[in-house]
Amino acid sequence: MTSKMSEILFVQDGAPAHRAKLTQEWCKQNLPGFWQKAEWPGNSPDLNPIENLWSILKDKVEEFEQASTMNNLVKNLEKAWSGISGEVLQNMVSSIPRGVALV
């Protein structure tokens, strides 16, 4: 993969850990196709399928009784995760080229 690194565009989301100066500096030094925070487009479409997965997982967890302990929350998350089919995951990944083409 390293021979193709110059062909990869690496952009992070706005999470605090991603915006941190130390993270930004490391990425700048180690990722040739890295976009610094100042270069991130405003209101850009989210093409990352993980965002859809988080939404599905959240909806499934909310179907269960609200967890009153961390242990119960972990159990609910594990139950929710096991309820997401491989087909759903494959569809998310397969949708990436279409989303990119639309943008």
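The exercises below work through a predicted model of one protein chain, each with a solution in steps.

Residues are numbered from 1 along each chain as its sequence is written. Because the model is predicted, local features need pLDDT of at least 70 and side-chain atom pairs count only at pLDDT 80 or more, while totals for chains, interfaces and linings use all residues; side-chain values use heavy atoms, with hydrogens and water left out.

**Exercise 1. Describe the elements of the protein chain and the confidence in them.**

Step 1. Count the elements. The protein chain has six helices and zero strands, where helices (H or I, at least four residues) and strands (E, at least two) are DSSP runs numbered from the N terminus. Their order from the N terminus is α-α-α-α-α-α.

Step 2. Read the confidence. The mean pLDDT (the predictor's confidence in each residue, from 0 to 100) is 84 for the protein chain, and 88% of its residues reach 70 or more. Among the elements, helix 4 (residues 70-82) has the highest mean pLDDT, 96, and helix 6 the lowest, 83.

**Exercise 2. State what share of the protein chain is buried and what its accessible surface is made of.**

Step 1. Take the burial classes: buried means under 20% relative accessible area, exposed over 50%, and partly exposed in between (1.4 Å probe, protein chains only). Of the 103 residues in the protein chain, 17% are buried.

Step 2. Take the surface. Areas come from the Shrake-Rupley method with a 1.4 Å probe, and for residues only the protein chains shown count as cover. The accessible surface of the protein chain comes to about 8,100 Å², and carbon and sulfur atoms hold 56% of that surface.

**Exercise 3. Find the residues of the largest nonpolar core and the helix that gives the most to this core.**

Step 1. Apply the rule: a nonpolar core is a set of buried Ala, Val, Leu, Ile, Met, Phe, Trp, Tyr and Cys residues joined through side-chain atoms within 4.5 Å. The largest such core has six residues, namely L53, L57, V61, A80, I84 and M92. Helix 3 gives the most to this core, with three residues.

Step 2. Look at one member. Contact means heavy atoms within 4.5 Å. Not counting residues up to four places away in sequence, M92 touches P49, N52, L53 and I56.

Step 3. Set this beside a general tendency: in soluble globular proteins, nonpolar side chains tend to be buried together.

**Exercise 4. Decide whether N76 and Q24 are buried or exposed, and list their contacts.**

Step 1. N76 lies in helix 4 and counts as buried at 10% relative accessibility. Leaving aside neighbours within four places in sequence, N76 is in contact with V61, F64, E65 and A67. The C-alpha atoms of N76 and V61 are separated by 5.9 Å, with the two residues 15 apart along the chain.

Step 2. Q24 lies in helix 2 (residues 21-30) and is also buried, at 11% relative accessibility. With neighbours within four places again left aside, the contacts of Q24 are Q12, H18, R19, F34, Q36, K37 and W40.

**Exercise 5. Locate the salt bridge and place its two residues.**

Step 1. A salt bridge is a side-chain nitrogen of Lys or Arg within 4 Å of a carboxyl oxygen of Asp or Glu. By this rule the count is one.

Step 2. K58 pairs with E62, the closest N and O atoms being 3.0 Å apart. The two residues are four apart in helix 3 (residues 49-62), so about one helical turn separates them.

Step 3. K58 is partly exposed at 48% relative accessible area, whereas E62 is exposed at 52%.

**Exercise 6. Describe the nonpolar surface patch and two of its residues.**

Step 1. Patches are made of residues with over 30% relative accessible area and no salt bridge; like charges are joined within 9 Å, and nonpolar side chains (Val, Leu, Ile, Met, Phe, Trp, Tyr) within 5 Å. L47, V93, I96, V100 and V103 make a nonpolar patch of about 400 Å².

Step 2. V93 is in helix 5 (residues 86-94) and is partly exposed at 47% relative accessibility. The C-alpha atoms of V93 and I50 are 9.1 Å apart, and 43 residues separate the two along the chain.

Step 3. V103 sits in the segment after helix 6 (96-102) and is exposed, with a relative accessible area of 64%.
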